[in-house]
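Some notes on this model follow, point by point. Please keep the coordinates open while reading.

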Amino acid sequence: MERIGFIGAGSMAEAMVAGLIKGNVFQAEQIIVSNRSNSDRLDELSAKYGIKTTHDKEQLVKDASIIVLAMKPKDVKAALDGVQTLIKDHLIVSVLAGISTQTITAILGKKVSIVRAMPNTSAAIGKSATAIAGSDSVTMKQMKKCKSLFEAIGICKIVEENQLDAVTGLSGSGPAYIYYLVESMEKAAVEVGLDPFVARDLIVQTLLGASEMIAVSDKHPSQLRKEVTSPNGTTEAGISILKEKHVQEAVISCIKRATERSEELKAMFSEELVTNKK
């Protein structure tokens, strides 16, 4: 019976566990989760999902054929210390932001099958937008298996690893951009006299409706926008302010800067982890 093991028991690991069980990708008895010392957290996950938990990462690696690296990025070297010789024909799945497959390979000291993934926090409700990229050693069968893991918590796209920084800037950080927009809309709603609770419901439904329209329509978002915008109407008045304030340019710059920061962090983590290994 194939087993999947998680080294790290944080929110992303839990989101994946919940999705895998709900989607019948793995049964609870096929899932093992470990962390370094937080027994209360492991007890919580075990009680909630019926999975096996342990502090023994060596035993986890022996028992599971798929290993998910879900610790904090800075802790990856410490987490892998002591298990390098036990990792052989495993599939390693990393959800660590800024840690390349090359860096993980260097820490392990040998070539193994590694898939790097960039999900986002919407995985907690099964709505993640995830992109994955595989190292040279990954087979097509392993990529399909990994894709099915992340499709259990949303959608999943296969990209080249050098595109994952852009994915991080776009969809990895993307939920925060939307939350920032909603914050602004809520403040505006109160200022124009709406009850904040009424405003929240209207904003949420507006976002859901607009997202669904984009998803089901074959029209470009710019065309959908034009169809809402009557000449000299209220929408045109509002859009004119967004254009005046260069909001589109700001969003583009936001995503580009987040992408650049992902590249910077990747270089920093790579240098620190590989240097410390020596």
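1. Which residue stands opposite Val68 in S4? The partner is Phe6. Bear in mind throughout that this is a predicted model.

2. Phe6 falls within strand S1, which covers residues 4–7. S1 and S4 run parallel, and 4 bridges join the two strands. The Phe6–Val68 pairing is a good place to start when tracing S4, since Phe6 stands opposite Val68 there.

3. S4 also pairs with strand S5, residues 91–94. The sense is again parallel, over 4 bridges. Here Leu69 has Ser94 of S5 as its bridge partner. S4 thus has S1 as one parallel partner and S5 as another.

4. Now the side chains of S4, residues 66–69. Ile66 and Val68 point one way. Ile67 and Leu69 point the other way. In a regular strand, side chains alternate between the two faces of the sheet. Are these four residues of S4 buried or exposed? All are buried, on either side of the strand. Val68, which Phe6 stands opposite, and Leu69, which is bridged to Ser94, therefore point in opposite directions from S4.

5. Two backbone outliers deserve a look. Asn24 is not a glycine, yet its phi is positive, at about 60 degrees. Asn24 sits in the loop between helix H1 (11–22) and strand S2 (31–34). Its relative accessibility is 56%, so Asn24 counts as exposed, the cut-off being over 50%.

6. His246 is the second case: again a non-glycine with a positive phi of about 60 degrees. His246 lies in the loop between helix H11 (234–244) and helix H12 (247–277). Its relative accessibility is 48%, so His246 counts as partly exposed.

7. On the chain as a whole, the secondary structure comes to 12 helices and 8 strands. The C-alpha trace spans about 70 × 40 × 35 Å along its principal axes. Of the 278 residues, 39% are buried. Among contacts with a separation of 6 or more, 62% link residues 24 or more positions apart.

8. Last, surface and charge. The accessible surface is about 15,900 Å², and carbon and sulfur atoms account for 56% of that area. The chain carries 34 positive and 33 negative side chains. How far apart do the centres of the two sets lie? They are 5 Å apart.

Key
Residues are numbered from 1 along each chain as its sequence is written. This is a predicted model: local features need pLDDT of at least 70, side-chain atom pairs count only at pLDDT 80 or more; totals for chains, interfaces and linings use all residues. Side-chain values use heavy atoms; hydrogens and water are left out. Buried means under 20% relative accessible area, exposed over 50%, partly exposed in between (1.4 Å probe, protein chains only). Two strands pair if DSSP finds at least two bridges between them. Contact means heavy atoms within 4.5 Å. Accessible areas come from the Shrake-Rupley method with a 1.4 Å probe; for residues, only the protein chains shown count as cover. Lys and Arg count as positive and Asp and Glu as negative; His and the chain ends are not counted. The place of a charge is taken as NZ of Lys, CZ of Arg, CG of Asp or CD of Glu.
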